[in-house]
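Welcome, and thanks for taking a look at this one. Please keep the viewer open while you read, so that you can click through the residues as they come up.

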Amino acid sequence: MKEVILNEDQFATLKEVHAYLAEALSFPSYYGKNYAALSDCLGDISEPVVITVIRDCAENLDQAERNEEMDREGNADQIAWDDFTKICRVLMRSARYNPSLNVMIVC
């Protein structure tokens, strides 16, 4: 069984998340590095895989604060809370339909 740990604090950009998942899960070279392509590739997994997602769930760091921080720094490439949440939704949805995929989200 393959185990992958996806730690939200480990990535500065959404591009890095896609690159990490592509390598860790051995996605094909034509992987499109977007949400739809991620869903497609997760659906093709046939060997057991466990993905553990570690979220930054600090109570004082809500979505609005993170977005404001990103705006102040002027770094449009920085991953936003919403982006990582979308990745989590794709992972969870894919796990519902693919019995070879198990996803756990922890704080």
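What follows is a short tour of the fold, the helices, the core and a few individual residues.

Please bear in mind that this is a predicted model. The chain folds into four helices and three strands, and from the N terminus on these elements run β-α-α-β-α-α-β.

**Overall picture**

- Of the 107 residues of the chain, 38% count as buried.
- The chain exposes about 6600 Å², and carbon and sulfur atoms supply 48% of that area.
- If you look at contacts between residues at least 6 apart in sequence, 66% of them join residues at least 24 apart.

**Helix α1 and its two sides**

- Helix α1 covers residues 14–24, and its buried residues are Val17, His18, Leu21 and Ala22.
- These four span an arc of only 130 degrees around the axis, which puts them on the same side of α1.
- A general point helps here: an α-helix has 3.6 residues a turn, so residues three or four places apart point the same way.
- Lys15 and Glu23 are exposed, and they sit on the face of α1 turned away from its buried side.
- Ala19 also belongs to helix α1, and it is partly exposed, with a relative accessible area of 38%.
- Ala19 and Tyr31 are twelve residues apart along the chain, and their C-alpha atoms are separated by 9.6 Å.

**The loop between α1 and α2**

- Which residue just after α1 takes a positive phi? That is Ser26, with a phi of about 55 degrees, although Ser26 is not a glycine.
- Ser26 is found in the loop between α1 and α2, where it is exposed, with a relative accessible area of 55%.
- Lys33 is found in the loop between α1 and α2, and Lys33 has a positive phi of about 55 degrees although it is not a glycine.
- Lys33 is partly exposed, with a relative accessible area of 46%.

**Helix α2 and its cap**

- Asn34 caps the N-terminal end of α2, with a side-chain oxygen 3.1 Å from the backbone nitrogen of Ala36.
- Helix α2 covers residues 35–43, and its buried residues are Ala37, Leu38, Cys41 and Leu42.
- Those buried residues cover an arc of only 135 degrees around the axis, which puts them on the same side of α2.
- Ala36 and Asp40 are exposed on the other side of α2.

**The nonpolar core**

- The largest nonpolar core has 25 residues, and the members that touch the most others are Leu6, Leu25, Phe27, Leu42 and Ile51.
- The elements that give two or more residues to this core are β1 (2–7), α1, α2, β2 (49–54), α4 (81–97) and β3 (101–106).
- Among these elements, α4 gives the most to this core, with six residues.
- In general terms, nonpolar side chains tend to be buried together in soluble globular proteins.
- Which residues does Leu6 contact, leaving aside its neighbours within four places in sequence? They are Phe11, Val17, Tyr20, Leu21, Thr52, Val53, Ile54, Phe84, Ile87 and Leu91.
- Two of the residues just listed can be picked up again from α1, as Val17 and Leu21 are among its buried residues.

**A buried serine in α4**

- Ser94 has its place in helix α4, and at 7% relative accessibility it counts as buried.
- Leaving aside its neighbours within four places in sequence, Ser94 is in contact with Ser39, Leu42 and Leu101.
- Of these partners, Leu42 is one of the buried residues of α2.

**The salt bridge**

- How many salt bridges are there? The count comes to one.
- Arg55 forms this salt bridge with Glu8, and the closest N and O atoms are 3.1 Å apart.
- Arg55 lies in the loop between β2 and α3 (63–73) and Glu8 in the loop between β1 and α1, so the pair ties together parts that are 47 residues apart in sequence.
- Are these two residues buried or exposed? Both Arg55 and Glu8 are buried.

Definitions and conventions. Residues numbered from 1 in each chain as written. Predicted model: local features only at pLDDT ≥ 70, side-chain atom pairs only at ≥ 80, totals over all residues. Heavy atoms only, no water. Buried < 20%, exposed > 50% of the residue type's maximum accessible area, 1.4 Å probe, protein only. Arc of directions from axis to C-beta. Polar contact = N/O pair within 3.5 Å; in protein donor to acceptor, adjacent residues only side chain to side chain. Core = buried A, V, L, I, M, F, W, Y, C linked by side-chain atoms within 4.5 Å. Contact = heavy atoms within 4.5 Å. Salt bridge = Lys/Arg side-chain N within 4 Å of Asp/Glu carboxyl O. Areas by Shrake-Rupley, 256 points an atom, 1.4 Å probe, with all protein chains shown as cover.
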